[in-house]
Each structure stands twice: as structure tokens, then as C-alpha cells.
Amino acid sequence: MFDTRELGRRPGALKRVSRSVAAPKDLGIEVIGVREGATVELDLRLESVMEGVLVTGTARAPLTGECVRCLEPLERELEVDFQEMYSYPDADDRSRYADTGDDAEEEDMLFLEADLFDLEPVLRDAVVLALPLQPVCREDCPGLCADCGARLADDPDHHHDATDIRWAALQGLAETIRDGEKDNAPRERGDDSQEK
């Protein structure tokens with residue numbers, strides 16, 4: 001929770017706040033995110049406006065996760081910008097909904113509670129939307145072998161001679177044809193003279 005009492009309600013008043021906070025639980029997606037309790041650095045600009053307090057900020061946090069191709073652990077630094085309006089609870093209804101009068105917009109609004117605002121939902125939205133959906137350890141990561149799970153970056157020449165079971169019958173037929181061609185191949189003249 002952040003306190004806006006020092007800011008006051010005079011439109012145009014400005015206050016800058018820098019703070020380090022512990023990351024809340026589940027700040028991320030399945031494969032990458034900010035570990036719970038990790039330090040999140042916040043630089044905020046609080047500006048008093050007619051309807052409430054406009055909060056503009058930047059968050060920096062360490063990301064941990066795993067590469068979706070090779071499953072190796074990875075670490076990154078995330079920097080994300082955000083902006084949110086926190087309305088005064090007693091603000092004039094006409095000014096709050098003058099633009100659209102839409103009930104959905106009313107549900108999305110955030111309010112100051114006793115001159116305090118909770119930044120967690122805004123931070124969560126900003127961080128999760130900025131995360132890569134498929135993080136990789138490097139852009140050209142070859143991933144894992146589909147047959148045995150070996151990490152292909154460790155052995156670029158890795159391969160298997162095994163054939164997909166769906167093609168096994170055709171492979172057997174091809175081998176039979178090749179063997180038949182060897183048996184029917186004409187013999188060289190040198191071989192004929194040795195037999196006589």
C-alpha cells in the first residue's frame with residue numbers, strides 16, 4: 001500500500017517515490033516469472049488530478065524460468081512501465097463516467113481507500129503482460145531430441161537411425177527391394193572367368 005496524504009488533493013501536485021518491495025506470490029506464468037519474495041524496484045510518479053491520483057511508474061525485477069525448447073534454467077531482468085488512475089471514492093460520478101457511462105469501465109476502476117492505493121494488481125498486470133510467452137535460453141536453441149530427450153546444443157551431430165513406426169513397413173519393403181536388386185545384378189566379367 002502506498003500513501004497519498006502528503007500529495008494532497010490539489011490538482012497538479014506531484015510526488016516521486018522509489019521503493020524496493022518483495023514480489024508477491026504467482027507473479028508470472030508457468031514457464032517464467034518473478035520468484036516470490038524477490039526484490040522489485042519501483043520508481044513511481046504520483047500526480048494529483050481532479051478525479052484522483054495518476055500513478056506512472058517503472059518496475060524492475062529479476063525473472064527466473066526455463067527455456068521452452070531445452071528446459072535449461074534461465075534468468076533475465078525485466079523492466080516494465082505502467083500507468084494507472086486511482087479515483088477518489090467521493091469523486092463526482094458525472095466526471096468519472098462522463099465519457100462512456102459504461103458499467104464495464106466502472107468495474108475496472110481502482111479507488112483510493114483512506115488515501116492509500118494498492119499497486120499489486122497493476123504491477124501483476126504489467127509484469128505478466130510483458131513476459132515472453134515462450135522464453136528461450138537463446139534464439140537459435142535447437143531444443144531436445146524427440147527420441148531420447150538429449151539436449152541438442154550439447155551434441156549438434158546427435159541423431160538416431162530409428163525410423164518412425166508409421167514408416168517401418170515401408171522401410172522393410174525398401175530393404176527387400178534393395179536386397180533383390182543386389183541378387184539380380186549382372187556379374188562382372190572377371191567373376192565369370194574365375195568360375196570357369
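How exposed is Leu71, in terms of relative accessibility? At 48% relative accessibility, Leu71 counts as partly exposed, because the range for that class ends at 50% and a residue must be over 50% to be called exposed. This report describes a predicted model, and Leu71 is taken up again below with the other loop residue.

**Overall layout**

The protein has 5 helices and 9 strands. Along the sequence, these elements follow the pattern β-β-β-β-β-β-β-α-α-β-β-α-α-α. The protein has 196 residues, and buried residues make up 27% of them. Its accessible surface comes to about 13600 Å², and carbon and sulfur atoms account for 47% of that surface. Among contacts between residues at least 6 apart in sequence, 60% join residues at least 24 apart.

**Two loop residues with positive phi**

Leu71 lies in the loop between strand 6 (52-66) and strand 7 (73-87). Its phi is near 65 degrees, a positive value in a residue other than glycine. Asp26 also has a positive phi, near 60 degrees, and Asp26 is likewise a residue other than glycine. The loop that holds Asp26 runs between strand 2 (14-22) and strand 3 (27-28). At 58% relative accessibility, Asp26 counts as exposed.

**Helix 3 and its buried face**

Helix 3 covers residues 120-130, and Val122, Leu123, Ala126 and Val127 are buried in it. Seen down the axis of helix 3, these buried residues fall within an arc of 120 degrees, so they line one face of the helix. An α-helix has 3.6 residues a turn, so residues three or four places apart point the same way. What do the buried residues of helix 3 pack against? Their partners are strand 3, strand 4 (32-34), strand 5 (39-48), strand 6, strand 7 and strand 8 (110-111).

Helix 3 also carries a salt bridge, between the side chains of Glu120 and Arg124 (2.8 Å, N to O). Both residues lie in helix 3, 4 residues apart, which is about one turn of the helix. Glu120 is partly exposed, with a relative accessible area of 36%. Arg124, at 22% relative accessibility, also counts as partly exposed.

**Ser48 in strand 5**

Strand 5, one of the partners of helix 3, is the place of Ser48. Is Ser48 buried or exposed? Ser48 has 1% relative accessibility and counts as buried, because buried means under 20% relative accessible area. A polar atom of the Ser48 side chain lies 3.3 Å from the backbone oxygen of Arg10. Leaving aside residues up to four places away in sequence, Ser48 touches Leu7, Gly8, Arg9, Arg10, Pro11, Gly12, Ala13 and Tyr88. Arg10 thus appears both in this list of contacts and in the pairing with the Ser48 side chain.

**Salt bridges**

The structure holds 6 salt bridges. Three of them are set out here, with the N to O distance and the relative accessible area of each partner.

| Salt bridge | N to O distance | Accessibility of partners |
|---|---|---|
| Glu47 and Arg45 | 3.6 Å | Glu47 22%, Arg45 30% |
| Glu120 and Arg124 | 2.8 Å | Glu120 36%, Arg124 22% |
| Arg138 and Asp140 | 2.6 Å | Arg138 37%, Asp140 54% |

In the pair of Glu47 and Arg45, Glu47 is partly exposed and Arg45 is partly exposed. In the pair of Arg138 and Asp140, Arg138 counts as partly exposed, whereas Asp140 is exposed. Elsewhere, salt bridges that share partners join Glu72, Arg151 and Asp154 into one network.

**A nonpolar surface patch**

Which residues form a nonpolar patch on the surface? The patch is made of Trp167, Leu170, Leu173 and Ile177, which together have about 420 Å² of accessible area. One of these residues, Leu170, is found in helix 4 (residues 168-184). At 47% relative accessibility, Leu170 counts as partly exposed.

Key:
Residues are numbered from 1 along each chain as its sequence is written. This is a predicted model: local features need pLDDT of at least 70, side-chain atom pairs count only at pLDDT 80 or more; totals for chains, interfaces and linings use all residues. Side-chain values use heavy atoms; hydrogens and water are left out. Buried means under 20% relative accessible area, exposed over 50%, partly exposed in between (1.4 Å probe, protein chains only). Patches are made of residues with over 30% relative accessible area and no salt bridge: like charges are joined within 9 Å, nonpolar side chains (Val, Leu, Ile, Met, Phe, Trp, Tyr) within 5 Å. Accessible areas come from the Shrake-Rupley method with a 1.4 Å probe; for residues, only the protein chains shown count as cover. A salt bridge is a side-chain nitrogen of Lys or Arg within 4 Å of a carboxyl oxygen of Asp or Glu. The arc is that of the directions from the helix axis to the C-beta atoms. Contact means heavy atoms within 4.5 Å. A polar contact is a pair of N or O atoms within 3.5 Å; within protein, one must be able to donate a hydrogen and the other to accept it, and residues adjacent in sequence count only if both atoms are side-chain atoms.
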